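This briefing concerns a ligand site and the space that holds it. Please view the structure with the ligand displayed before reading on.

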Amino acid sequence: MALFRLRLDKGNDMVRIALLTFLVLISVACSKSNPDSKISEIVVGEFSSLTGPQSSFGKSAHNGIKLAIEEINESGGVNGIPIKLVSIDTKGLAENSAQAVETLAKKNKALALIGEVASHRSLVAAQVAQQMSIPMITPTATAVSITNVGDYIFRACYIDPFQAKVMAKFALENLKVKKAAVLRDVKSEYSKGLAENFIEAFERGGGKVVAEDQFSSGDIGFTDQINHIRASKPDAIYIPGYYSEAGKIARQLRKMGVQATLLGSDGWDSEKLFKIGTVSVNGSYFTNHFSVQNTEEKSAEFVRKFREKYKSTPDGLAAMGYDTALLLAAALKKSSALDHKSIKEALAATDNFLGVTGKIQLDENRNAIKPIVIVKVDGPVNRFVTSMNPSDVPSAPLKEMTSASETPSLQ
Ligand code: PHE
């Protein structure tokens with residue numbers, strides 16, 4: 001009996017050893033194909049203004065991000081690991097953006113962050129992200145200072161000097177504007193940066209800035225500024241800022257008899273621009289990240305999928321949210337390990353990423369080098385007018401860059 005038991009135990013041991021060896025082999029094989037097999041999901045943190053005064057910015061970007069992440073997960077995630085998106089609403093407040101970074105990093109253990117959509121909130125958030133060494137990529141914050149915070153801070157969009165120079169060139173060459181007025185929001189770094197760059201490029205290109213004035217975000221009356229601008233008889237008025245103020249200013253300008261062409265920046269991109277500005281904003285032009293009239297196959301497919309999912313048309317923020325999530329996923333796939341430092345390095349190595357907003361190249365300051373779109377407001381629709389590439393507006397004086405007869409490439 002004892003002998004029999006011994007034999008049986010021996011037999012069991014053999015089975016056990018074989019089973020153990022098998023399991024070890026399997027786990028070695030798995031860990032070879034996926035060095036981060038202990039991670040069952042990759043947490044990506046998102047923070048944006050889902051409510052508050054600029055809720056249309058945050059909601060649009062959020063919808064684009066969600067669509068992209070769904071697609072990534074449907075096609076196998078990041079080398080087999082699904083992405084889990086954790087979103088925090090900043091309510092349009094800077095302090096909430098800083099807090100969101102901390103929460104997403106510490107509590108949710110996010111491996112990377114997407115946010116914020118606006119410049120001033122992104123700047124505050126970037127300081128926390130850099131300090132915590134967590135990669136942060138903003139889809140749409142264009143003020144130069146953001147990525148200067150440090151090597152963990154990236155953006156998928158172009159920067160303001162580029163969009164301001166493009167508008168100056170477009171005004172001079174396409175619209176033949178000779179005299180321009182500039183009305184800036186002194187509470188906004190974004191607006192101030194755009195105004196300065198526009199003035200510099202417009203005057204360098206041979207135009208004259210005949211009036212400069214200012215307002216503060218949240219203002220409702222602009223009579224003094226409009227009287228001042230009206231007296232200078234400009235052909236066009238550059239109003240860099242957000243749709244909320246741009247819409248109100250446009251109405252008051254028209255009411256006070258000013259018919260000059262209005263020029264704006266990407267912050268005009270909201271369905272609310274026409275709701276606030278009504279017919280007063282018709283015929284205005286602004287620089288943007290995307291146009292639904294882009295006929296490139298990739299862009300058209302995105303518009304189709306977005307419409308199908310949300311029963312609405314994507315704006316520039318939605319397209320940028322989509323591209324940012326895909327760009328981050330591409331970096332996650334290439335990252336040597338799933339830790340903050342490796343992901344930061346993979347993001348920095350982004351090269352010729354083909355998005356729905358165009359080809360994205362990240363420069364040494366982690367800013368995207370990519371094409372820009374100019375649209376014309378036509379009721380609730382923003383019509384594609386032209387697009388330009390960074391090479392169309394080098395830092396050399398505009399006058400020397402192209403002959404006056406040359407028009408920007410129409411794509
Ligand atoms: N570029 C704006 C900023 O930096 C944000 C924005 C982008 C708003 C695109 C609307 C559309 O604050």
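The points below treat the ligand, its polar contacts, the surrounding shell and the cavity in turn.

The model is predicted. In it, the ligand occupies the space of the largest cavity, and its surroundings comprise 13 residues.

**Polar contacts of the ligand**

- Ser-119 places a polar side-chain atom 2.4 Å from an oxygen atom of the ligand.
- Tyr-242 likewise has a polar side-chain atom, at 2.5 Å from an oxygen atom of the ligand.
- On the side of Asp-266, an N or O atom of the side chain lies 2.7 Å from a nitrogen atom of the ligand.
- The ligand taken alone exposes 320 Å², of which the protein buries 100%.

**Shell around the ligand**

- Among the 13 residues around the ligand, those that come nearest are Ser-119, Thr-140, Thr-142, Tyr-242 and Asp-266.
- The composition of this shell by class is seven nonpolar, five polar and one charged residues.
- Both domain 1 (42–158 + 295–370) and domain 2 (161–288 + 374–392) contribute at least three residues each to the shell around the ligand.

**The cavity**

- The count of cavities of 30 Å³ or more comes to one.
- The largest cavity holds about 140 Å³ of space, and this is the space taken by the ligand.
- Its lining consists of 14 residues, with Phe-57, Val-117, Thr-140, Asp-266 and Gly-267 lying nearest the centre of the cavity.
- By class, six nonpolar, six polar and two charged residues make up the lining of the largest cavity.
- The lining of the largest cavity takes at least three residues from domain 1 (42–158 + 295–370) and at least three from domain 2 (161–288 + 374–392).

**Residues named in both settings**

- Thr-140 and Asp-266 are among the residues that come nearest the ligand, and both are also listed among those nearest the centre of the largest cavity.

Notes: Residues are numbered from 1 along each chain as its sequence is written. This is a predicted model: local features need pLDDT of at least 70, side-chain atom pairs count only at pLDDT 80 or more; totals for chains, interfaces and linings use all residues. Side-chain values use heavy atoms; hydrogens and water are left out. A residue is near a molecule or strand if one of its heavy atoms lies within 4 Å of it. A polar contact is a pair of N or O atoms within 3.5 Å; within protein, one must be able to donate a hydrogen and the other to accept it, and residues adjacent in sequence count only if both atoms are side-chain atoms. Accessible areas come from the Shrake-Rupley method with a 1.4 Å probe; for residues, only the protein chains shown count as cover. On a 1 Å grid over the protein atoms alone, a cavity is a set of points where a 1.4 Å probe fits but cannot get out, and a pocket is an open set with protein on both sides within 12 Å along at least five of seven lines; lining residues have an atom within 4 Å of a point. A molecule sits in a cavity or pocket if more than half of its atoms lie within 2 Å of its grid points. Ala, Val, Leu, Ile, Met, Phe, Trp, Tyr, Cys and Pro count as nonpolar, Asp, Glu, Lys and Arg as charged, and the others, Gly among them, as polar. Domain bounds come from an automatic or database domain assignment. Grid points are joined across faces, edges and corners, and a volume is the space filled by probe spheres set on the points.
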